[in-house]
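Student: Could we go through this protein slowly, with the reasoning spelled out at each step?

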Amino acid sequence: MVKYAFYPGCVSKGACPELYTSATSVAAKLGLELVELSDVGCTGAGVLSTDVSDPINARTLAKAEALGLPLMTICSTCQGVIGAARLRLVDTQYRDYINQKFLKPQGLEYRGTTVVKHFLWVLSEDIGLENVKPLVKRSLSALGISPFYGCYMRRPDDVVENSARKRYLEDTIEALGANMLDIRGKGKCCGFPIASVNDENSLAMAAKHTSEAKEKGADAMVVPCPLCHLNLDGQQERAAKATNQAIDLPILHLPQVVGLALGFEPEQLGLNRHMVDTSPVVKKLENLIEANVLT
């Protein structure tokens, strides 16, 4: 069993708790032991200045470091922001400043050793997709799934570190037996960061990515980011109306797709809690099971 300090992020513990439940259940099934960090703050989601967010993220990194564990995230936004903070804190002079001013008064110190890994990276690098395949209990071959990384999972290169990581989502979809339907906008912003300042453009961005996947024949889109899920699922109806089109594309968080393949029931993964109806996805999976039984 591989052990991680676990940083679930805000959205999976607040607006979309089904994503937290799915992630922790699937992690346990895969043999991951998660030590959740409960006394930590939001990364800043890329909207706070580094003057504000770096001390917060240094505190989280120090908490994981004190446990002697790598830090696992389930949010690409959290991964990108805390990963960038970790790189800035490689500078010993800057790290000393953060330690002395912000962490030392709390009895903490960050020494710069914490490794930060998204669940997607853990799947490919620590578990290995070749070891996930034998655990698959439910065929996803009836589903066409489009990947959507969002802003943070494929750039910048110094945070991503390994160029192979830019294809892990596609690799995972294929390893789980689904039909991977690629889209041009998979590495672009979902629209969430500008929702409060430019609602029109935010909705247009959400509509563009989901409609592209729909046009390619996708039954669902998989995202490694609860913020992307929140926007692409929660705002999809408004995005469709704003752009005068029907979309109706279910948005699945990565652990939910993995969970379906591992045999979890859709209700266990909270698919019934989504804004966009996921029943067509469930029905396709049920029809495939029935067809296999009859043959």
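The questions below turn first to a sheet and then to some charged side chains.

Student: In which order do the strands of the open sheet of 4 strands stand?

Tutor: The model is a predicted one, and the order can be built up from its pairings. Strand β5 (residues 144–147) pairs in the parallel sense with β7 over 3 bridges, while 2 bridges join β5 to β6, again in parallel. Strand β7 is also joined by 3 bridges to β8 (residues 251–253), which runs parallel to β7. Put together, the order is β6-β5-β7-β8.

Student: Which strands stand at the edges, each with a single partner strand?

Tutor: In the order β6-β5-β7-β8, we look for the strands that have one side without a neighbour in the sheet, because each of them has a single partner strand. These edge strands are β6 (179–180) and β8.

Student: Which residue of β7 is the bridge partner of serine 146?

Tutor: Serine 146 has its bridge partner in β7, and that partner also stands opposite isoleucine 251 in β8. Its side chain belongs to a strand, residues 220–223, with both faces covered, where Ala220 and Val222 on one side and Met221 and Val223 on the other are all buried. The residue asked for is methionine 221.

Student: At about what angle to β5 does helix α8 run?

Tutor: Helix α8, which spans residues 168–175, lies across β5, β6 and β7. Its direction relative to β5 is given by an angle of about 165 degrees.

Student: Is lysine 186, which forms a salt bridge with glutamate 170, buried or exposed?

Tutor: The closest N and O atoms of lysine 186 and glutamate 170 are 2.5 Å apart. The pair links distant parts of the chain, since lysine 186 is in the loop between β6 and α9 (199–215) and glutamate 170 is in helix α8, 16 residues apart. Residues under 20% relative accessible area count as buried, and for lysine 186, as for glutamate 170, the answer is buried.

Student: How many residues apart are lysine 3 and glutamate 33, whose side chains meet in a salt bridge?

Tutor: The side chains of lysine 3 and glutamate 33 meet at 3.9 Å, N to O. Lysine 3 counts as partly exposed at 39% relative accessibility, and glutamate 33 is partly exposed as well, with a relative accessible area of 33%. Lysine 3 lies in strand β1 (residues 2–7) and glutamate 33 in strand β2 (residues 32–36), so the pair links distant parts of the chain, and the separation is 30 residues.

Technical notes. Residues numbered from 1 in each chain as written. Predicted model: local features only at pLDDT ≥ 70, side-chain atom pairs only at ≥ 80, totals over all residues. Heavy atoms only, no water. Buried < 20%, exposed > 50% of the residue type's maximum accessible area, 1.4 Å probe, protein only. Pairing = 2+ DSSP bridges. Contact = heavy atoms within 4.5 Å. Axes fitted to C-alpha atoms, helices over the stretch in contact; angles between N-to-C directions. Salt bridge = Lys/Arg side-chain N within 4 Å of Asp/Glu carboxyl O.
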